[in-house]
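Here are a few exercises to work through with the model open beside you. Try each task before reading its solution.

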Amino acid sequence: MATALTALRRTRRARRLGDTEWFDLAYHVYLAGIFGGSAIIIASDYIGDAPLGEAAVADAFAHGPAVLGLLAVLALIGGMRSGCEGGPVSVEAADVVHLLLAPISRSRVLRQPLLQRMRAVMFGAVLAGGVAGLLAAQRLPGTAPSWTMSGAAFGACIGAIFVSSAAIAHSSRLPGWAPGLVAIPLVGWQVWAIIGGIVGPGDSVGSLALWGFRQQPRDLLGVALVVAMIALALALAGRLRVEHLARRGDLVSQLRFAVTMQDLRTVVLLRRQLREEQPRSRPWLRLPPRNGGAGTAVVRRSVHGLTRIPAARFGRMVLVAAGAGVSAGVAARGSTAAVIACGILVFVVGLDLIEPLSQEVDHPDRTFALPQQPGWLHERLLVGPVVLAAPIALVGAAACAAIDPPAAPAAFVLAIPMMWAGMSGAVLNTVRDDQDPGSGGDGLLVPPEFAGFRDLMRTLLPVVASTIGTLAILAVRAQPDAGMVARCAFGLGLYVALVRWWVVHRVDLRQRWETFAAGARP
Amino acid sequence: MTEQLAIETKGLGRDYGDVTALHPIELTVPTGQRLALVGHNGSGKTTLIRLLSGLLDPSAGAAKVGGHTAGSLEARATLSYLADQPIFYDDLSVLEHLEYVARLHGRDDWSDAANDLLERFGLTDRAGHLPSTFSRGLKQKAAICLAFVRPFDVLVVDEPFVGLDSSGRDELLALFDDAHELGKTLLVATHELTTVAASDRVVALRDGQIAYDGSPDTDLGALVEGG
């Protein structure tokens, strides 16, 4: 039986290799090289190459292990969370039915995908760690190769911790609340290690990253623990739950496809399904039945959708909004690049907030069967999300104020319009997927050679649209007075109004454009 | 002497979040019995079948197949499961699927059996084709071949007639008869009255609970439609 498994895997691997589009692959490598290389050059320029002073070096070596150890702790908790949600392995749906239901050892079947997953995650982490080490070498004592190696080793450990802890949590069937329970003391301990100078649980792994200059044999204890975790994860591979694997098999292939297509909305949806995140069967509040016009019905539909948001998603939106607030605070204190992080985080919150609109866009047959313009419908579907965005934005304002107290008044004034402006990117991202099932107008006048570039733009533009709102932080930082805050609030309001106008009129505009384009064809 | 049981559940239940799909049930199926599982949509048939096949973990209780815990290696060797949705590898032909599944189950003399099944379902000419590109009915026929090419003592089938034409349906019923004659245990979830009537026993589920357990000599229409 094992022979059949080995033979099949060999045959399929050979076929996959035979079917590989090498030109396509080379193009992806080329793109990754260009974007990766550019990112490294920009980061390198940002970090600078002036060697750090003696005191700064001593400070980096004193606190570095604890700070980097926090990454190890977060990888452990993130891995456990992934494991409780059914990660980290996914197998083909056909493997579940034909292979995992066959009388063949599941350890034998599942060890290989687990190893593949570990290899892929570790490879990414090794690359990131190596690059970080290379950049650190610019300012820290020691040679570039040694820093690159130690950064790569640290990255490998982080990747291995994530996948191993996920596999162990999954196969030992930890309940969903366990990662949270472990996170509070572990993160608290590690943060205390950063602030108070005590030894933290992640210190020995964190210290490994500093081997580019300083080697401490005791750091090998961390490596030994990571190796033990890998061994335990592989030993328990046969206990991974078939139910989770069956559910993930199909979803993960869809997720990969969505990532390939740079379809952020579908990625978010599929991630929710992977986490088994279902709308609440009992809403947070029930609206009494009401008669009224069509407009009221649509607004009520948007509120109905929001009343079924699960607690976990609410928690996530609040956390991400707080993260956006922290980024805004960091930007207000001088780190300009943090506005990009703030924009991305607000975009992510927006995607969750506009769920009623997304549901409508996901069912175009229904939308285009209605006797109303889609823009009319979409505008009203955003009423509930716009209202809900306000308290969530205030959480972000509080986080910003905690990071930069002098910016608190501006933060509380600008938070809500900035959140609405941030939601605009999410709205643009969602409504652009809205296609009349009868029309074939996508990509009008765009030749196939530019399809990849167009897809990239389609992915980036909504995020850029969300980030535009966060530029107000820089304006207020440059001129921190009430007049500037008022001007920014007004500007954000105008921006939101412009996006609203686009949402309402875009179908009409597109139809005019299609008519024009058809007339221009020979 | 105690009767040997092909399937045995003790307080077997399953929840999906706050929805109970299957309330704890006690069900015993003696070896060689032909049992029809009926009930309206959402009554818990597929959940019960997936629990028996080991694709779902129970929220309560336990299930045994051939005396072994459902989903264990021994139970997987005993039970052949034909799902309601046929699933195939994208890159394997029908014949390659048959070889693979048969060999995974330790059947080395698979070739004759595979060819016989292909012929019965009119798939001989398509043996080298990819089933993932087939129509729903052809996929169902290929899936049936896979369920029967491997050795089994218990056959658990979920809505097997979906998409089948009349000849495919007749062949499947003939295969059921053959397996029954060989002393295999059959558990078939279906709305097909003919299959229900040909069974030794009918179990009807309603809202995740056993609403009827007895002979098929009853108002089958009401049972099948969940009345």
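Domain bounds here come from an automatic or database domain assignment. Keep in mind that the model is predicted.

**Exercise 1. Find the domains of chain A and state how far apart their C-alpha centres lie.**

Solution. Start with the assignment: domain 1 of chain A covers 2-6 + 51-260, and domain 2 covers 294-434 + 447-511. Next, take the C-alpha centre of each domain; the two centres of chain A lie 33 Å apart.

**Exercise 2. Describe helix α12 of chain A, its buried residues and what covers them.**

Solution. Begin with the length: α12(A) spans residues 294-306, which is 13 residues. From first C-alpha to last, α12(A) reaches 19 Å, close to the 18 Å expected at 1.5 Å a residue. Then look for burial: G295(A), V298(A), R300(A), S302(A) and L306(A) are buried in this helix. Finally, look at the surroundings: the cover over these buried residues includes α13 (311-332), α14 (338-353), α15 (355-361), α17 (374-381) and α18 (383-403) of chain A.

**Exercise 3. Trace the six-stranded sheet of chain B and place helix α1 on it.**

Solution. Follow the strand order first: β6-β7-β8-β3-β9-β10 of chain B make an open sheet with mixed pairing. At the edges sit β6 (79-82) and β10 (209-214) of chain B, each pairing on one side only. From one strand to the next, the twist averages 15°. Now zoom in on one pair: β9 (residues 201-206) and β10 of chain B are antiparallel over five bridges, and R206(B) stands opposite Q209(B) in β10(B). Last, add the helix: α1 (residues 45-53) of chain B lies across β3, β6, β7, β8 and β9 of chain B, and runs at about 145° to β6(B).

**Exercise 4. Work out what the contact between chains A and B is made of.**

Solution. Count the residues: chain B gives 28 residues and chain A gives 28 residues. Then take the area: about 2500 Å² is buried between the chains, with 57% from carbon and sulfur atoms. On the chain B side, R76(B), Y89(B) and L104(B) supply 26% of the area that chain B buries against chain A, more than any other three residues.

**Exercise 5. Is D91(B) buried or exposed, and which residues does D91(B) touch?**

Solution. Locate D91(B) in the loop between β6 and α3 (94-104) of chain B. Its relative accessibility is 17%, so D91(B) counts as buried, the cut-off being under 20%. Leaving out residues up to four places away in sequence, D91(B) touches R12(A), R15(A), E96(B) and L130(B).

Conventions:
Residues are numbered from 1 along each chain as its sequence is written. Chains are lettered from A and ligands numbered from 1 in the order in which they are written. This is a predicted model: local features need pLDDT of at least 70, side-chain atom pairs count only at pLDDT 80 or more; totals for chains, interfaces and linings use all residues. Side-chain values use heavy atoms; hydrogens and water are left out. Helices (H or I, at least four residues) and strands (E, at least two) are DSSP runs, numbered from the N terminus. The expected span of a helix is 1.5 Å times one less than its number of residues. Buried means under 20% relative accessible area, exposed over 50%, partly exposed in between (1.4 Å probe, protein chains only). Contact means heavy atoms within 4.5 Å. Two strands pair if DSSP finds at least two bridges between them. Axes are lines fitted to C-alpha atoms, for helices over the stretch in contact, and angles run from 0 to 180 degrees between N-to-C directions. Buried area is the accessible area (1.4 Å probe) that two parts lose on being put together, summed over both.
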